[in-house]
Amino acid sequence: MGKNGKYVIKAGLLAVLFAYAGFAAAATNLVYCSEGSPEGFNPQFFTTGTTFDASSVPMYNRLVEFELGTTKVGPGLAESWEVSPDGLTYTFTLRKGVKFHSSAKFKPSRDFNADDVLFSYNRMANPAHPFHKTAPGQTFAYFEDMGMNNIVDKLEKIDDRTVRFTLKHPEAPFIANLAMDFSSILSAEYADKMLAAGTPEVIDREPIGTGAFVFGSYQKDAIIRYKAFDQYWKGRPKIDNLIFAITPDASVRYAKLKAGECQVMAYPKPADIAMMKNDPAINLLSQEGLNIGYIALNVEKKPFDNKLVRQALNMAVDKKSILSSVYQGGGRAAVNPIPPTMWSYNKNIKDYAYDVEKAKALLAKAGYPNGLEIDLWYLPVSRPYNPDGKRMAVLVQADWAKIGVKAKLVTYEWGEYKKRSKAGEQQAMMFGWTGDNGDPDNFFDTLLGCNAVNGGGNVARWCNKDFEALTQKAKVAPTQAERSKLYEKAQEIVKEEAPWITIAHSIAYTPVRKNVIGFKMDPTGHFNFNNVDLKK
């Protein structure tokens, strides 16, 4: 730190970094200033973009994958697939010649095949599987949030290059679900070897995948190193070494970017956007975010079990002020749980108007005429849907004080924040989401569905029978028009029951240095460097 607390770039730091990493001077090294440490390196366990960017994106593949920069699904480790006329069986033909990574502990003796698909899926689906529990408190969060066991009846190996999923009922988003991070394919051979060695947990800590980059090393809260995979089935990446410089402070990330210490940075501060636009060394990329930032009210805890309290807290939040102060022109007020760019968005729903007197009256009617005291958890890291959790928390705290609600501000390190919320410790909690597959189901079921209470995605812990009936029916409806009508009705229930205070949909910005070639922003919020190069 320099004078006045400002970050001072130390000359030659990058050179030292690469020397320490043992990289050759002639190598092409790309440094990404990321916003936080991953929770781990097995994407099956987690649901956050920070973790996926460090695990599933660089190191793994899925049977089907989103075409970069879109939510359109194309072939991945499966080169093709067929769906039966009744929508119940999906048969995948697997790609030939796909190699797995090697490490000091593992050298693959065969290429990717059907056994790896069965291992990766059955590990999540079968509680008796030897790899179902490898760590205390570990669960397959996304798999559970989406109720995959209620969707898939069985997975069979037809032969080494063919697998077949049989569903319990037709499921409109099924193919899109298989393109998501939690569906990444792990090595069954690696798992067998580590199980025989008595160290099954190693496969989650020291990842082996088929992706563009091979895991090098990790120093928590500091740095992750990867190297290009020479045998990558899509062709070797253009950069030799990929480095995540973990930098939680957005101002420090920007300082590093300006100094050339990183070539790409995550989640700039809205206050810095104007400077970035005018910086001749930087390209500022932007797109409408497929996201939602919200405050979840834990309905399992008093006073949030009372709908009138939840509605009162909604009415007491001045979103206009938050948009101006926190998003600074880079967002719009959120009415529904899905962004307006997504099909099935209900344009007819009206938001709770900012009304202090009406909010006070509702609190009194709910039995709290003298107000109440609650905890408000705020985000410890910048997220695409919320650039400054602390600033937002201070504004909400002041808003709620006007109706007699005293909010104590609480936060934890990001991994701890997620872990505690999954256990249901929170009262009011700031959270958000960037869609993973372009389907409304990925918001409604994953964030507000009953399955997602146990999985940890539903941090409001709200399970509503009427809402659930509509969203489950929408999953099996044969046309998008029918699904859309059901989701529109579901949004009416969410607004009335108010398990969330919907805050904002943000515009996503990514500043990259001008020497970066081939970087694309992704609607799902991922940072993908597989096709990136640097001008020499």
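Start by selecting helix α4, residues 114-125: this helix gives the second largest cavity the largest share of its lining, 4 residues. Keep in mind as you go that the model is predicted.

Now show the rest of that cavity. Its lining has 14 residues, and Y121, F165, L178, S183 and I185 are the ones nearest the centre. The enclosed space comes to about 110 Å³. Colour the lining by class and you will find 10 nonpolar residues, 4 polar ones and no charged ones.

**Next stop: the largest cavity**

The structure holds 5 cavities of 30 Å³ or more, and the largest has a volume of about 190 Å³. Centre your view on T47, T48, G49, R383 and T434, which lie nearest the middle of this cavity among its 19 lining residues. Then highlight α2 (49-54), α16 and β17 (428-434), each of which supplies at least two residues of the lining. Which of these elements gives the most? That is β17, with 4 residues. Here the classes split into 7 nonpolar, 8 polar and 4 charged residues.

**Out to the pockets**

Keep α16 (414-422) selected and add α9 (202-205): each contributes at least two residues to the lining of the largest pocket. The largest share there, 5 residues, belongs to α16. This pocket has a volume of about 850 Å³. To find its centre, pick E39, G40, F45, F46 and Q138, the closest of the 30 residues that line it. By class, the lining comprises 9 nonpolar, 11 polar and 10 charged residues.

For the second largest pocket, select E65, F66, L68, N528 and N530, which lie nearest its centre out of 25 lining residues. Its volume is about 480 Å³, and its lining has 9 nonpolar, 8 polar and 8 charged residues.

**Last stop: a helix pair**

Finally, display α19 (residues 465-476) together with α20 (residues 480-497). How do their axes meet? They come within 9 Å and cross at roughly 160 degrees. With angles over 145 degrees counting as roughly antiparallel, α19 and α20 are therefore roughly antiparallel to each other. The crossing of α19 past α20 is left-handed.

To see the contact itself, show side chains for D466, F467, L470, T471, K473, A474 and K475 in α19, which meet R483, L486, Y487, K489, A490, I493 and V494 in α20. Coloured by class, the residues of this contact divide into 8 nonpolar, 1 polar and 5 charged.

Key: Residues are numbered from 1 along each chain as its sequence is written. This is a predicted model: local features need pLDDT of at least 70, side-chain atom pairs count only at pLDDT 80 or more; totals for chains, interfaces and linings use all residues. Side-chain values use heavy atoms; hydrogens and water are left out. On a 1 Å grid over the protein atoms alone, a cavity is a set of points where a 1.4 Å probe fits but cannot get out, and a pocket is an open set with protein on both sides within 12 Å along at least five of seven lines; lining residues have an atom within 4 Å of a point. Grid points are joined across faces, edges and corners, and a volume is the space filled by probe spheres set on the points. Ala, Val, Leu, Ile, Met, Phe, Trp, Tyr, Cys and Pro count as nonpolar, Asp, Glu, Lys and Arg as charged, and the others, Gly among them, as polar. Axes are lines fitted to C-alpha atoms, for helices over the stretch in contact, and angles run from 0 to 180 degrees between N-to-C directions. Angles under 35 degrees count as roughly parallel, over 145 as roughly antiparallel, 65 to 115 as roughly perpendicular and the rest as oblique. A crossing is left-handed if the near helix is turned anticlockwise from the far one by less than a right angle, and right-handed if clockwise. Contact means heavy atoms within 4.5 Å.
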